[in-house]
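Visitor: I should like to learn how the features of a protein model are read, one at a time. May we begin once the structure is on view?

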Amino acid sequence: MATNAAGCWQALAQTKEQSILNSIPEKWRISTPLPAPDKLPDCTGGYIQQYLTPREIEITEADAVFITEQTTSGGWSSVQVTEAFCHRAALAHQMVNCLHEVFFDEALTTAKALDDYFVTHGKPMGPLHGLPVSLKDQFHIKGVETTMGYVGWIGTFEGKKDDVRARNFESEMVKELRDLGAVLFCKSSVPTTLMAGETANNIIGYTSNPRNRHLSSGGSSGGEGALIALRGSPAGFGTDIGGSIRVPASFNGIFGLRPSAGRLPYEGAANSMDGQNTILSVIGPMATTARSLKLLMQSILERRPWNHDPMVHELPWRSSVEKDLQGVVKESPSMLTFAILRHDEVVQPHPPVSRAVKSIEEILRRKGHQIVDWCPPSHKIAHAIAKEAFQMDGGEDVLNNLALSGEPQLPQCFVAKSTHMTAAQISALNVRKRQYQKAYLDYWNSTSECTHSGRPVDAIICPTAPHAAVIPGRFRHVGYTSFVNVLDLTSAVFPVTHADKDQDLLSSTVSAGYPNRQHEDITLDSECKLFDLAKPQQNKLNFSSDDPFVYDGAPVGLQLIGRRLEEEKILCLVEYISKSWSELS
């Protein structure tokens with residue numbers, strides 16, 4: 001039964017939305033209306049900088065590694081850094097609706113305590129001393145609400161009104177970050193239910209893409225992606241069950257890591273469909289540079305999270321993997337083999353995505369690496385497994401949480417009411433998943449027969465989505481990311497290019513190797529769910545002659561995929577590829 005009378009959810013949502021705006025200090029509020037997207041599609045760079053001092057710009061446009069070099073050595077104070085990012089985050093929210101919770105006063109109190117600690121002890125609290133870190137609104141922080149986009153969760157603990165944990169409970173990741181010296185200062189927006197490729201909810205509305213406000217910031221970690229793209233945060237953490245870190249990273253032109261399950265602590269974080277273990281959601285870092293992802297991963301693992309979360313593997317950071325790989329790159333580049341997945345045989349990528357793949361392939365060939373085509377067991381199988389896993393409770397969890405307030409389900413959510421799966425059906429699904437994992441592993445191992453090194457392929461390069469950041473309402477296909485979750489592989493996203501209205505015309509959509517696949521414009525249909533392969537138009541991505549002009553400037557990122565639990569290797573390679581791309585492009 002709904003906790004609020006019919007129609008009252010709107011008032012509750014509006015009150016919450018206004019409270020977020022009210023928590024922004026008066027001095028940081030933008031007094032004049034933001035120009036329309038047609039007049040100002042991109043609010044990054046110079047536009048947001050006009051509201052900042054030169055010192056604030058210097059601080060907020062540094063990456064997490066440089067910031068911690070300053071804060072752990074006394075070069076910058078924690079208060080100075082925290083205040084700069086609080087200011088920029090406040091501006092970011094007023095531009096693209098990217099925050100759910102703002103607790104700047106508490107953050108500045110923490111920062112002051114860190115500065116005092118440094119003066120007293122002559123050393124930092126930890127490797128993240130004084131680093132502002134933002135969190136997707138799934139993490140519980142003492143004194144801060146968690147709504148996860150549900151109106152019915154306002155004023156409760158995960159929808160439970162009288163739960164004593166409501167204001168004092170903290171997620172394990174939050175505890176680890178505090179002990180490392182990080183400063184938590186805001187929580188970013190998510191789509192209601194989390195199960196969506198765009199970020200929209202009935203509390204704050206739609207989170208737009210800061211690089212092109214006509215477009216989506218992605219989902220479900222869309223607020224985190226938009227905030228970091230606007231440099232309102234140097235680094236943060238999202239979650240990923242089907243692409244929810246990687247899609248926003250790609251859409252917003254930043255870096256993101258989807259580690260394998262059990263590498264980082266999830267204990268105590270809110271989630272949809274908690275207890276569904278066929279495909280586990282994982283926590284991963286998002287940041288402006290690859291080396292920042294490494295800093296966050298390595299720092300968390302130094303805390304030995306397996307001592308606090310029973311689901312975390314006892315697997316410390318392996319520096320030897322990096323060292324060995326760097327030696328191969330430097331001395332024997334031909335011994336490093338990358339596979340290219342150009343097409344998942346379900347939806348053909350848009351022109352800017354195919355262009356990004358081709359560009360990275362050319363760079364790697366120029367660096368002397370071997371390139372092979374990736375032709376694995378059908379990704380349609382992974383697609384079907386993911387669809388069933390995400391609907392196994394018949395949509396009950398999502399629908400029950402919506403019913404708490406009576407709010408409607410937004411069309412971006414792809415979970416719908418269906419028949420519950422039986423225990424026998426879930427067991428059979430798990431067997432199918434295991435068999436698919438085995439077939440994929442066997443294929444990967446078989447590539448040793450075609451590599452110069454005699455070892456299997458080192459990593460796979462593939463699109464993150466078949467399109468750049470999408471027009472709202474047009475996110476359709478999660479297959480380029482969800483297969484990674486089914487297989488529990490390591491995957492990192494890195495920015496490559498942007499959609500270009502002059503280069504990415506409809507005539508260029510027919511890519512080599514798939515000359516018979518054509519694009520067509522499709523009618524937007526709320527019944528066309530993300531995983532519905534039964535609809536024939538799902539095989540033809542929406543694209544019209546006008547779209548290149550709307551998509552112009554939209555970021556495009558690619559995935560680098562490694563085997564399970566290969567985070568050290570993949571982060572090292574992503575940093576290397578990104579550096580090579582910057583030097584040679």
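Visitor: Which residues are buried in α15?

Guide: The model before us is predicted. Burial is judged from relative accessible area, and a value under 20% counts as buried. In α15, the residues that meet this criterion are Leu-429, Lys-433, Tyr-436, Tyr-440, Tyr-443 and Trp-444. The cover over the buried residues of α15 includes two helices, α13 (379-390) and α16 (479-487). It also includes the strands β12 (370-373), β13 (459-463) and β15 (555-562).

Visitor: What span should helix α15 have, and how far apart are its end C-alpha atoms?

Guide: A helix can be checked against a rise of 1.5 Å a residue. Helix α15 runs over residues 423-446, and its 24 residues should therefore span 34 Å. The end C-alpha atoms are 35 Å apart, which agrees with that expectation.

Visitor: How many of the residues of helix α8 are buried?

Guide: Here the count covers the whole helix: 8 of the 8 residues of α8 (residues 222-229) are buried, so the helix is largely enclosed by the rest of the structure. The buried residues are Gly-222, Gly-223, Glu-224, Gly-225, Ala-226, Leu-227, Ile-228 and Ala-229. After α8 comes Arg-231, which has a positive phi, near 60°.

Visitor: Let us turn to single residues. Where does Ser-216 lie, and why does Ser-216 count as buried or exposed?

Guide: Ser-216 belongs to strand β7 (residues 212-216). Its relative accessible area is 0%, so Ser-216 is buried. With neighbours within four places in sequence left aside, the contacts of Ser-216 include Gly-197, Glu-198, Tyr-206 and Asn-209. Others among them are Phe-251, Ala-469, Val-470 and Pro-472.

Visitor: In which helix is Leu-402 found, and with which residues is Leu-402 in contact?

Guide: Leu-402 is part of helix α14, and because its relative accessibility is 5%, it counts as buried. Outside the four places on either side in sequence, Leu-402 is in contact with Tyr-150, Thr-192, Glu-407, Pro-408 and Gln-409. Val-133 lies 269 residues from Leu-402 along the chain, and the C-alpha atoms of the two are separated by 30 Å.

Visitor: How is empty space located, and what volume has the largest pocket?

Guide: Rolling a probe the size of a water molecule over the atoms reveals where empty space remains. The largest pocket has a volume of about 860 Å³. Its lining comprises 48 residues, of which Tyr-266, Asn-271, Asp-274, Gly-275 and Leu-280 are the closest to its centre. At least two lining residues come from each of β10 (282-287), α14 (396-403), α15 and α16. By class, the lining of this pocket has 21 nonpolar, 15 polar and 12 charged residues.

Visitor: How many cavities of 30 Å³ or more does the structure hold, and which residues lie nearest the centre of the second largest cavity?

Guide: There are 7 cavities of 30 Å³ or more. The second largest contains about 70 Å³ of space. Among its 15 lining residues, Leu-194, Met-195, Ile-241, Asn-271 and Ser-281 lie nearest the centre. The lining of this cavity has 5 nonpolar, 8 polar and 2 charged residues.

Visitor: Finally, how many helices and strands does the chain have?

Guide: The chain has 18 helices and 15 strands. Its radius of gyration is 23 Å, close to the 25 Å that the globule rule gives for 585 residues, so the chain is as compact as a globular protein of that length. Buried residues make up 59% of the 585 residues.

Notes. Residues are numbered from 1 along each chain as its sequence is written. This is a predicted model: local features need pLDDT of at least 70, side-chain atom pairs count only at pLDDT 80 or more; totals for chains, interfaces and linings use all residues. Side-chain values use heavy atoms; hydrogens and water are left out. Helices (H or I, at least four residues) and strands (E, at least two) are DSSP runs, numbered from the N terminus. The expected span of a helix is 1.5 Å times one less than its number of residues. Buried means under 20% relative accessible area, exposed over 50%, partly exposed in between (1.4 Å probe, protein chains only). Contact means heavy atoms within 4.5 Å. On a 1 Å grid over the protein atoms alone, a cavity is a set of points where a 1.4 Å probe fits but cannot get out, and a pocket is an open set with protein on both sides within 12 Å along at least five of seven lines; lining residues have an atom within 4 Å of a point. Grid points are joined across faces, edges and corners, and a volume is the space filled by probe spheres set on the points. Ala, Val, Leu, Ile, Met, Phe, Trp, Tyr, Cys and Pro count as nonpolar, Asp, Glu, Lys and Arg as charged, and the others, Gly among them, as polar. The radius of gyration is taken over C-alpha atoms; the globule rule is 2.2 Å times the number of residues to the power 0.38.
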